[in-house]
Amino acid sequence: MTVRIATWNINSVTARLPKLLEWLESAKPDVLCLQELKCSTEAFPAEAIGELGYESAAHGTGRWNGVAVLSRIGLEDVVRDLPGQPGYLAEDAMLPVVEPRAVGATCGPVRVWSVYVPNGREVGHAHYRYKLEWLAALRDAVREDAAGERPFAVLGDYNIAPTDADVFDIAAFEGLTHVTEPERAALTALQEIGLQDVIPRPLKYDHPYTYWDYRQLAFPKNRGMRIDLTYANKPFADAVSDSYVDREARKGKGTSDHAPVVVDLDL
């Protein structure tokens, strides 16, 4: 069977709902991992999405984060939050807050996690330390699935460019997050437990960027980054028949600043 799995930082599912529904009808993914919902679980547009044949498992509080898994091939064993997931202790807070950044589900023959890795803000910031702690918790949480025989992948916005080639100009990122050695070491740690980076092909230009800032004409100038990633175990990676960045979905007004990444499996 052929299974199409995708991931997309939607940057507000409410604001982008028409775009999302249009894309679901045209791309026809069997499973879609969403990030940055910016809506609560209760406000998630499950009914509108359900009219297209998708079940949904959403996890959000209405703030700037939130994740979901949509599936038209089954949705079982849903888990919200990583086991042992750390919270973020803001400088003016008394207690850390566990943010809705991960949701896992079994969809037909595959299991997936949709993740929205913390941004990190600035090197040395409390949010940067939180990012590294969160990534360590992710590694521990998926270790068993990574080593299993069932196709498994962690898809989402990692807020990390794996290599210097994954940003438009590495010199522009000197001293900034997303490209630091500790962040990239966290990706290496995922590889060490049996996951590999499924690199998509670009539909245009020579590198598969997935994110372009809204400012300074970054998209038409292709000043992008590859930060929306698929880390898959061997049964999943071995089944990949194609993968691409749907750059077309980034075009026009009212779009997310990220493009969907599509992975086709031949199982």
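Which strands does helix H1 lie across, and at what angle does H1 run to E1? In this predicted model, in which local features need pLDDT of at least 70, side-chain atom pairs count only at pLDDT 80 or more, and totals for chains, interfaces and linings use all residues, helix H1 lies across E1, E2, E4 and E14 and runs at about 160 degrees to E1. Residues are numbered from 1 along each chain as its sequence is written, and side-chain values use heavy atoms, with hydrogens and water left out. Helices (H or I, at least four residues) and strands (E, at least two) are DSSP runs that are numbered from the N terminus. Axes are lines fitted to C-alpha atoms, for helices over the stretch in contact, and angles run from 0 to 180 degrees between N-to-C directions, while contact itself means heavy atoms within 4.5 Å.

The strands beside H1 belong to an open sheet of mixed pairing, in which six strands follow the order E3-E4-E2-E1-E14-E13; two strands are said to pair if DSSP finds at least two bridges between them. Strand E3 (55-59) and strand E13 (240-245) stand at the edges with a single partner strand each, so one side of each is left without a neighbour in the sheet. From one strand to the next, the twist averages 10 degrees.

Within this sheet, strand E1 (residues 2-9) is mostly covered, as six of its eight residues are buried, where buried means under 20% relative accessible area, exposed over 50%, and partly exposed in between (1.4 Å probe, protein chains only). E1 runs antiparallel to strand E14 (residues 261-266), to which six bridges join it, and in this pairing Ala6 stands opposite Val262. With strand E2 (residues 31-35), E1 pairs in the parallel sense over five bridges, and the bridge partner of Trp8 in E2 is Leu34. E2 is in turn joined by five bridges to strand E4 (residues 67-71), the two running antiparallel, with Leu32 opposite Leu70 in E4.

Val262, which lies in strand E14, is buried, with a relative accessible area of 0%. Leaving aside neighbours within four places in sequence, Val262 is in contact with Arg4, Ile5, Ala6, Trp23, Asp242, Ser243 and Tyr244. Val262 and Thr7 are 255 residues apart in sequence, and yet their C-alpha atoms are 6.7 Å apart in space.

A further open sheet of six strands, also with mixed pairing, has the order E5-E6-E7-E8-E12-E9, and its edge strands are strand E5 (76-80) and strand E9 (196-197), each of which pairs on one side only. E8 and E12 run antiparallel and are joined by five bridges, and the bridge partner of Asp157 in E12 is Asp228.

Helix H3 (residues 126-146) and helix H4 (residues 181-192) pack at an angle of about 5 degrees, with their axes 10 Å apart. H3 and H4 are therefore roughly parallel to each other, since angles under 35 degrees count as roughly parallel, over 145 as roughly antiparallel, 65 to 115 as roughly perpendicular and the rest as oblique. The residues that make this contact include Leu135 and Leu138 of H3 and Ala186 and Leu190 of H4.

The largest nonpolar core has 24 residues, of which Val115, Leu138, Val154 and Tyr158 touch the most other members; a nonpolar core is a set of buried Ala, Val, Leu, Ile, Met, Phe, Trp, Tyr and Cys residues joined through side-chain atoms within 4.5 Å. Strand E7 (110-116), H3, strand E8 (152-157), H4 and strand E12 (228-232) each supply at least two residues of this core, and H3 gives the most, with seven residues. Leu138 touches Leu82, Val115, Val154, Tyr158 and Leu190, when residues up to four places away in sequence are not counted.

Most residues other than glycine have a negative phi. Lys28, however, has a positive phi of about 55 degrees although it is not a glycine; Lys28 lies in the loop between helix H1 (17-27) and E2 and is partly exposed, with a relative accessible area of 45%. Asp81, in the loop between E5 and strand E6 (102-107), likewise has a positive phi, near 75 degrees, and counts as partly exposed at 21% relative accessibility.
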